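Q: Could you take me on a close look at one part of this protein, the place where its first two domains meet? I would like to hear what each side brings to the contact, and then what else stands out along the chain.

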Amino acid sequence: MKEKKLIIHNKFVKKYKSGYPLIEKETILNSDDLIKEGTVVRLVEENNKFIAKGYYGIQNKGYGWVITQNEKETIDYSFFNKKLFNAINCREKFYKDKNTTAFRIFNGEGDGIGGFTIDYFDGYYLINWYSKGIYHFKDYVIEALKNLSDGIGIYEKKRFDNQGKFIEEDSFVWGKEAEMPIIVKENGVNFAIYLNEGAMVGVFLDQRDVRKKILDKYAKGKEVLNTFSYTGAFSIFAAVGGASKTTSVDLANRSLSKTIEHFSLNGIDYETQDIIVEDVFHYFKYAGKKELKFDLVILDPPSFAKSKKFKFSAAKDYKELLKSTIKITEDQGVIVASTNCASFDMKKFKGFIDQAFEELGKGYKILEEYRLPEDFRTIKEFREGNYLKVVFVQCTDNISTARR
Ligand code: SAH
C-alpha cells in the first residue's frame, strides 16, 4: 500500500517519538494532503527524518493513530495478526475463567492499534469500529480473529460519521448467528447481552471490578440507590451481595424491562426491588422532600445528558450532582462516584468531590479508587485512554478528622 508522508511540526516531534499514539491535526504541516481515510501515513520531521507510521482516520479524538515506530514494518495482514495474537494472549486468564465469560480482548491503542475495540461474549465477538480509516483494514482484523480464536460468530458496529451523518449500524459478519440475548457471566452473575440493539449491548464491561467490590464488601444489609442505572447491573450485584433493597433510577423506558430481565436471570424477585423510570434530577428532589436516605448510592452518569428539564455535562455539573447525592446519603453511608468522561483526570475528579463536601460543610473519607480493569489495556503514553474514574467515598460527619 502506498504511504503518504506527513510532515510534523518541529514542536511536536518529541511527543510522537516518546510514544504518543494519537495523530492530531494541528501537529501536521501538510494535513491538506490527506484525502482518503485508511491511507498508511509516514510521520517525518521537517528535515524528512522518519518518526513513525500510522493510518489516517478521522475520529472525534483526532486524525488517526500511530501504530509503529519501526520504519521497516509494513502494515499488512501479518502486522494485524501479530497485534491480535498478543492481545488474545494477554487475556488468557479471562478465557480460562468459567465465572466470567464477557471481557475485552482488544482495547485500541492500549493493544497497539487505536480506532477499534473487540469484546468477547461467551463465544461471540463484537468489533466496534471508530473511524472509516480503521474500517478500511477490517478484512485483516476479521481474518486474524477467525484464525486466532475459536469464536462461534463475529459481529461489528460502525460507530463513525458517514457523510456528515452519524451511523450506528449493527451487523453480523461471520460464523453462526447468536440467538439474542447471549447470556454471559460476570463473576458468577448473569447478564443478558443484545448485539443487535445499537451501541449499548446491556452491560458496560469496564465496571466489572467495581461491581465485584460492591457485591463483596459494600452491599450486605444496605439500602442501595443506583442512579443512571441503565440495565441495573450495579443493582443486581448489590442484591446478590445481600442488599436489603435496591432502587434503580433511569430515564429510559427500556431500563424497566431490562432491569427486570437481569433480576430474573439471577433468581431475584424483581418485585422486592424498586425500579423507577424517571429523571434522576427529579428523583433527587422527590427523595429530598420525602426525606429518603440511602446507605449506598451509585452515581455513574453519562458524560453528557439532556432531558426535558435538565442538561448535564460531567465536566461542569458533577459537583452539583454530588451535592444532591450527599444530601440523600446516610451518615457513614458510601457514595460510589464514577465517571467515564475523558476530558478531566482523577485529580480534577477528586477536586469535584472535595468541593461538593466542602460546600455542604461535611466530611468524607476516600475508601477505594478504581481505573479501567486489566482487560481494558491502556498505555502510559496515552493517559486519556484510561478514562474511567471511580471513587468510593464515605460520608463522615466530622470535617476536621476526615479531610485529607
Ligand atoms: N451506570 C450504568 C450505565 C449508565 S449509562 C451501568 O454501569 O450499568 C447512562 C444511563 O443514563 C442511560 O441508561 C441513560 O438512559 C441514563 N440517563 C441519562 N440521563 C438521565 C437522566 N437525566 N435521568 C436518569 N437517567 C438518565
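A: Happy to! Let's begin at the boundary itself: across the interface of domain 1 and domain 2, the rule finds zero salt bridges. Please keep in mind that this is a predicted model. What does turn up between domain 1 and domain 2 is two residue pairs in polar contact, both at pLDDT 80 or more.

To place these parts on the chain, the domain assignment gives domain 1 as 3-68, domain 2 as 77-185 and domain 3 as 204-396. Between the C-alpha centres of domain 1 and domain 2 there are 25 Å. Their contact draws on 13 residues from domain 1 and 14 residues from domain 2.

How much area do the two bury between them? The figure for domain 1 and domain 2 is about 980 Å², and carbon and sulfur atoms give 64% of that area. On the domain 1 side, the residues that lose the most area to domain 2 are Glu37, Tyr55 and Ile67, and together they make up 47% of what that side buries.

Staying with domain 1, we can ask which elements form the side that touches domain 2. Two strands each give two or more residues to this side: E3 (50-59) and E4 (62-68). Of the elements there, E3 gives the most, with five residues. By residue type, the domain 1 side of this contact holds seven nonpolar, four polar and two charged residues.

Moving along into domain 2, two backbone details deserve a stop. Aspartate 122 has a positive phi of about 40°, although it is not a glycine. You will find aspartate 122 in the loop that links strand E6 (116-121) to strand E7 (124-129). Further on, methionine 180 and proline 181 are joined by a cis peptide bond, with omega about 0°. Proline 181 sits in the loop between strand E11 (169-175) and strand E12 (182-186).

Finally, a word on what the record says about the next stretch. An unreviewed UniProt entry carries the annotation "domain: S-adenosylmethionine-dependent methyltransferase" for residues 184-341. In this model, residues 184-341 are 35% helix and 29% strand, and the C-alpha atoms at the two ends of that stretch are 27 Å apart.

So, to return to your interface, the picture is one of about 980 Å² buried between domain 1 and domain 2, with two residue pairs in polar contact and zero salt bridges by the rule.

Definitions and conventions
Residues numbered from 1 in each chain as written. Predicted model: local features only at pLDDT ≥ 70, side-chain atom pairs only at ≥ 80, totals over all residues. Heavy atoms only, no water. Domains from an automatic or database assignment. Contact = heavy atoms within 4.5 Å. Buried area = accessible area lost by both parts, 1.4 Å probe. Salt bridge = Lys/Arg side-chain N within 4 Å of Asp/Glu carboxyl O. Polar contact = N/O pair within 3.5 Å; in protein donor to acceptor, adjacent residues only side chain to side chain. Helix = DSSP H or I, 4+ residues; strand = E, 2+ residues; numbered from the N terminus. Nonpolar A, V, L, I, M, F, W, Y, C, P; charged D, E, K, R; others polar. UniProt positions renumbered as here; feature names shortened; annotations may be inferred.
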